[in-house]
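Subject: Structure handover

Hello,

Here is the structure I said I would pass on. My notes on it follow below the entry.

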Amino acid sequence: MTRLRNVPADPVDRTRLPVDPWRLVESRPGGDPGVMETLFATANGYLGMRATPEEGRDVAQYGTFLNGFHETWSIHHAESAFGFAKTGQTMISVPDSSVLKLYVDDEPLLLTIADLESYERWIDFREGVLRRELIWRTPAGKRVQVSSSRMVSFTQRHLALMELQVTMLDGAAPVAVSSQIINRQDVADDFGKGGGGSSPITDKDDPRRTTDFTHRVLEPLQDWHSERRMLLGYRVAQSGMTLAVGADHEVECEAEMEYLIDTMPDLGRQVVRGHLEQGQTLTVRKAVTYHSSRSVPHRELFDRCRRTLDRVREEGFSTHYDQQREYLADFWTSSDVQLPGQDAAQQATRWCLFQLAQAAARSDQWGIPAKGVTGSGYEGHYFWDSEVYVVPFLTFTQPRWARNALRFRTNLLPKARERARELNQRGALFPWRTINGDEASAYYAAGTAQYHIDADVAYAFAQYVDVTGDQDFQHRDGVRVLVETARLWADLGFWRHMADGSASFHINGVTGPDEYTTVVNNNMFTNVMARYNLRRACRAVRELQEADPTAYEALRVELELDELEVEQWNECADGMFIAKDETLGIHLQEDRFLEREVWDLSSTPEEAFPLLLNFHPLVIYRFQVIKQADVVLALFLRGSEFTAEEKRRNFEYYDPITTGDSSLSAVVQCIMAAEVGHQKAALDYFRAGLFVDLGDLHHNAADGVHIASAGGVWNALVHGFGGMRQDEGRISFDPRLPADWPELRFPLTVRGSRFRVRLVREEISFTLETGEPLAVTVRGQEVTITADGVTVPLEDQGPLLSDEVLTHPVGLGDARADGSIMTSFVPSDPEDPWEYPVLSDPDEIIENS
């Protein structure tokens with residue numbers, strides 16, 4: 001049994017974060033500041049602000065981020081080789097505009113030492129505004145009510161709005177508010193702390209965290225101010241990107257106020273000060289805008305900032321708040337997953353879905369970083385996470401956002417072609433981790449070798465077209481990506497001919513999703529996904545040829561495509577080698593996987609996880625131990641290619657040796673556990689995915705939201721418990737509602753038709769909300785969804801298997817076809833050896849499992 005299944009039903013500290021189905025609420029200050037800064041971050045996919053307090057301290061990690069805004073740096077390999085990644089990229093923290101420092105009687109409000117009579121901070125997922133209300137008793141004994149808000153706009157991607165309202169409840173006092181824009185990336189603040197790459201959480205012993213810089217990153221170009229507006233302009237030292245940030249202020253107060261404003265290269269500041277009598281209120285409204293570019297001069301960005309701020313000045317804050325609510329109302333109509341009677345799970349689910357909106361809504365043809373724009377983890381890079389975990393959610397709920405996410409990959413195609421040439425391959429090879437299109441993974445074994453990213457991207461393109469019916473996108477963009485990725489597989493693989501005349505197509509020297517098993521031959525996930533990639537590329541070319549001969553001819557000339565090459569893709573797919581061990585009845589994760597000794601996870605102490613931070617890679621590579629779902633992920637993504645028995649046997653073998661060291665794993669294990677019948681395990685895994693950040697289960701939520709895991713939560717609910725599958729555009733359902741859940745409801749959008757699914761134990765029903773009637777199947781029975789609704793009775797919620805078999809790989813200790821017996825073992829640290837037995841006797845293995 002993997003440790004992910006030991007997560008409590010609700011691991012969140014509810015004394016601090018109480019349950020509320022539509023809000024995340026902090027009932028008192030404190031806790032882990034880094035985690036709180038992540039959980040309450042506000043973002044829109046382009047602009048993101050960590051939830052640092054308005055007073056600017058005390059802070060774990062400052063961070064305001066723009067998607068794709070980065071610095072580059074040279075990767076220095078101790079022993080380099082041809083084709084190694086040369087240039088790293090790191091998303092940098094842009095100037096912090098969130099500061100609204102409050103002074104009463106010249107005493108600053110500081111939460112860590114303030115005498116607070118009341119406190120609450122919250123974000124309502126229907127409103128998208130971070131709010132805080134408190135009553136502060138000052139050192140002089142005066143009571144002050146302080147209300148603040150912060151909104152990153154979904155409708156105006158460059159805009160953020162902030163308000164601070166101060167009311168004297170008891171007594172009178174001089175009050176001052178200092179509104180600031182501070183370049184924390186390069187300059188320490190008043191308390192000697194820097195931000196961005198100088199974050200105190202930076203730790204390169206952990207490859208998931210960001211890179212520190214030794215040079216000045218943001219080079220000042222200009223600062224300017226008027227009576228109520230300030231602008232700062234910068235150029236990034238090595239990447240050459242440009243940036244402008246501007247702020248406008250509006251002040252309301254019954255008392256007479258004095259205004260001071262000034263700018264300098266790394267600081268803009270407007271101070272509002274005056275004397276408030278008891279009962280009087282001071283309100284400061286601050287509109288902030290950020291514009292960035294790869295090359296546009298900062299003066300043009302200044303003009304863009306002015307236009308954005310002018311609109312706010314003309315329209316007022318209330319207009320933008322209304323637009324935000326309308327935008328999110330549309331989002332929830334097409335995306336909300338409802339869990340009646342499960343308030344804690346409902347809150348966490350909606351928080352995850354809200355994070356997906358904050359990561360993808362206005363990325364607008366940039367990629368979707370692994371942490372969105374909520375933190376510096378993974379340096380702001382884009383991975384395969386988007387296509388496999390996030391884009392499916394977007395495809396079924398927000399097709400326009402999905403199209404934008406896929407357009408990002410289309411835009412990277414020229415550099416992907418260059419990367420393929422560098423590795424002596426035809427076609428295109430998308431970078432494993434990147435911001436600007438260049439490969440930034442310095443460790444090729446667990447980076448560049450993950451060629452499966454090509455097939456993952458192709459899978460997302462194919463699924464998008466199948467579900468949305470967007471043939472125009474397929475013919476203009478998708479077909480090019482499919483062709484170039486198919487070319488890579490046809491060139492990378494080779495034919496192995498047998499004495500009996502048969503032949504099979506093999507792919508050697510790659511790494512699958514499991515980064516604990518690297519540079520192997522015939523990784524099962526890679527081969528299965530490459531096979532699908534090859535077939536879909538052939539199909540896309542044929543469809544274009546039939547639908548638009550002129551466009552097909554232009555494509556053929558542009559890509560130097562010939563008929564023989566297209567036919568070869570189908571041949572490679574038909575001959576693809578997928579290894580299977582008949583004795584165990586499982587597909588091999590790779591050719592030699594079963595030759596390794598089995599890592600005994602059940603006897604490994606908790607402090608040894610994640611293994612990647614506690615063992616040399618070579619130690620890990622010698623064992624059957626898995627970082628995240630690999631074979632099991634293939635069973636989900638290409639489920640129609642496997643029998644129910646194959647899925648069950650594979651799951652029962654690989655699940656017990658999967659550590660879950662990656663946050664991507666639990667949600668996939670949930671889906672397949674539910675499908676094969678391990679329904680208790682499925683619910684355990686769902687909780688492990690659901691509370692990754694709210695419960696800080698991987699102890700790194702401070703680095704930013706796990707966006708792919710949030711996408712996986714939707715997948716677990718809809719695919720796992722809802723039992724929905726999509727294959728070549730055909731939608732089917734085979735539900736698995738958890739035993740203690742009374743109901744599950746969710747909307748789906750397929751080819752322009754939105755329908756709502758309602759699942760209870762006795763039946764599943766569908767109601768069309770928009771668009772044309774749509775046919776789906778429920779356990780083989782076809783029904784048509786109309787506005788009148790349709791209901792299908794259910795005899796059960798699928799098979800129900802005992803989880804006892806998940807304590808060890810099924811077949812461990814049994815004699816294999818060659819007479820050998822596999823055993824399990826826990827490697828020990830020579831400096832701190834663990835006293836765990838080495839099990840060698842088959843009976844002992846079974847007895848101790």
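Arginine 137 is partly exposed in this predicted model, with a relative accessible area of 32%. Its salt-bridge partner is glutamate 117, and the closest N and O atoms of the two are 2.6 Å apart. Glutamate 117 is also partly exposed, at a relative accessible area of 39%. Both values lie between the 20% under which a residue counts as buried and the 50% over which it counts as exposed. Glutamate 117 belongs to strand S9 (residues 115-124) and arginine 137 to strand S10 (residues 129-137), so the salt bridge ties together parts that are 20 residues apart in sequence.

A second pair is arginine 273 and glutamate 258, whose side chains meet in a salt bridge of 2.8 Å, N to O. This pair links distant parts of the chain, 15 residues apart: arginine 273 sits in strand S18 (residues 267-276) and glutamate 258 in strand S17 (residues 257-264). As for accessibility, arginine 273 is partly exposed with a relative accessible area of 36%, and glutamate 258 is partly exposed at 37%.

For the third pair, are the two residues buried or exposed? Glutamate 595 and arginine 592 form a salt bridge through their side chains, at 3.0 Å from N to O. Glutamate 595 is exposed, and arginine 592 is exposed as well.

Some salt bridges share partners, and in this way Arg417, Arg426, Glu484, Arg487 and Glu565 are joined into one network. The structure holds 78 salt bridges, and the three pairs described above are among them.

The other item is a sheet. Four strands make up an open sheet in the order S26-S27-S31-S32, and their pairing is mixed. Which strands form its edges? They are strand S26 (724-727) and strand S32 (781-785), each of which pairs on one side only. From one strand to the next, the twist averages 30°.

Strands of a sheet pair through backbone hydrogen bonds, and the pairing can be parallel or antiparallel. Strand S27 (residues 730-733) and strand S31 (residues 774-778) run parallel, with 2 bridges joining them. To find this place in the model, start from serine 732: its bridge partner in S31 is threonine 777.

Regards

Note on methods: Residues numbered from 1 in each chain as written. Predicted model: local features only at pLDDT ≥ 70, side-chain atom pairs only at ≥ 80, totals over all residues. Heavy atoms only, no water. Salt bridge = Lys/Arg side-chain N within 4 Å of Asp/Glu carboxyl O. Buried < 20%, exposed > 50% of the residue type's maximum accessible area, 1.4 Å probe, protein only. Pairing = 2+ DSSP bridges. Axes fitted to C-alpha atoms, helices over the stretch in contact; angles between N-to-C directions.
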